[in-house]
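User: I am new to this structure and would like to learn how its features are read. Could we go through them in turn?

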Amino acid sequence: MAYAIIANVSEKWLDGMAGERMELFLIPTVLLTLGTLLLDPLLVTCILWSPALRQETRYLLLANTLAADVAFACVNMAMVTCAVLRVALLRVACEVALSATVTAYCCAVLGVTSMVVDTYVAVRWPLHYDSLLTPARARKISAALWLLAALYPLSLVIILELLEDNAPRQLPLCLVLITVGALGKEMMVGVHMYFTIGAALCFLLIVYCYARLFAVTRHSGIWHQRYSRARLTMLAHGTLLLLYFVPGLVFIVELALFERHQMEGQASVWVNMVNMSVFMLLPRACAPLLYGLRYREIYTMLKQLLFKRRQLSQVSTVS
């Protein structure tokens, strides 16, 4: 039943995309994805290459978030490209792509939340920070975030495979909104709980940590100057967190309207494509600039890594 609904909705969406310049969505998708793939792997390499950075919990959590961003950007670009060019995917490949997209997105949101909690613990209990959040625990936390993010989407895919006896071999359109929106009412309750409650808990935890950080440090003098590093850091982090959470909120609204059949035709196609091509990729492209490169240690290590490669290339050219 679910795949019949998916096929029906997909045909309507493809009809709505006919005659429109949908290929224009490839421009922001490719540009933002390339920006992500150019910077994020470099920062992850810098963190894993340096023994000193590998011993810092905050950098390990950052590397985990950047790795999730890279995975999301790659799978998302493949899905947008197939949708715009009207390429039908094998059902199994589509299911893998859908579960990978949801897992990577949720892992990135959980990652930035864990980084805020890490900052809170470091400021609130500086003397016990090294014993509370060791590098070994940071690696376990990263693995747990991936497992938690993958648990629900993989469960949905398994349930779909078990419940659908006459599932088609190919799907005309592979989009998360259509697949999730085609689930039954009983399963939709779990989907809404997963996305809404998860996003609300992460948001409330971030607000609490930042509020407590401000309360603890407001008399220390770091907030007095208008352009102090603390203010600029808070502004950069707040902007990045907003960019991470807004696409998820847009998707939740899309899903609610889709379920009530209040979002159909070209409007639904355009909103979903803008969200996938722009809003969801913006934080991935901006994260290295607003977060990663603001760390002096990472910036210094990046310069050393690039300079070392440059020297090696010059030596090989001379020889």
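**A buried acidic residue and the empty spaces**

Analyst: Let us begin with one contact: the side chains of Glu-254 and Asn-272 are joined by a polar contact of 3.3 Å. Please keep in mind that the model is predicted.

User: Where does Glu-254 lie?

Analyst: Glu-254 is part of helix α10.

User: Which side chain of opposite charge is nearest to Glu-254, and how far away is it?

Analyst: A salt bridge requires a side-chain nitrogen of Lys or Arg within 4 Å of a carboxyl oxygen of Asp or Glu. Here the nearest side chain of opposite charge belongs to Arg-284, 13 Å away, and Glu-254 has no salt bridge although it is buried. The side chain of Glu-254 does, however, have the polar contact with Asn-272.

User: How should I read the empty space in the model?

Analyst: Rolling a probe the size of a water molecule over the atoms reveals where space is left empty. In this structure, the largest pocket holds about 840 Å³ of space. Its lining comprises 39 residues, of which Tyr-105, Cys-106, Val-109, Phe-195 and Ala-199 are the closest to the centre. Two or more lining residues come from each of α4 (57-84), α5 (91-124), α7 (135-163), α8 (176-181), α9 (185-217), α10 (229-259) and α11 (266-279).

User: What classes of residue make up the lining of the largest pocket?

Analyst: The lining of the largest pocket has 33 nonpolar and six polar residues, with no charged residues.

User: How many cavities of 30 Å³ or more are there?

Analyst: A cavity is a space where the probe fits but cannot get out, whereas a pocket is open. The count is three cavities of 30 Å³ or more. The largest cavity has a volume of about 180 Å³. Among its 16 lining residues, Leu-98, Pro-153, Leu-156, Val-157 and Val-180 are the closest to the centre. The elements α5, α7, α8 and α9 each give two or more residues to this lining, and α7 gives the most, with five residues. By class, the lining of the largest cavity has 13 nonpolar residues, two polar and one charged.

User: Which residues line the second largest cavity?

Analyst: The second largest cavity contains about 50 Å³ of space. It is lined by Val-112, Met-115, Val-116, Tyr-210, His-237, Leu-240, Leu-241 and Tyr-291. Helices α5 and α10 are the elements that give two or more residues to this lining. Seven of the lining residues are nonpolar and one is polar, while none is charged.

How values were computed:
Residues numbered from 1 in each chain as written. Predicted model: local features only at pLDDT ≥ 70, side-chain atom pairs only at ≥ 80, totals over all residues. Heavy atoms only, no water. 1 Å grid on protein atoms, 1.4 Å probe; cavity = no way out; pocket = protein on both sides within 12 Å on 5 of 7 lines; lining within 4 Å. Points joined across faces, edges and corners; volume = space filled by probe spheres on them. Helix = DSSP H or I, 4+ residues; strand = E, 2+ residues; numbered from the N terminus. Nonpolar A, V, L, I, M, F, W, Y, C, P; charged D, E, K, R; others polar. Buried < 20%, exposed > 50% of the residue type's maximum accessible area, 1.4 Å probe, protein only. Lys, Arg positive; Asp, Glu negative; His and termini not counted. Polar contact = N/O pair within 3.5 Å; in protein donor to acceptor, adjacent residues only side chain to side chain.
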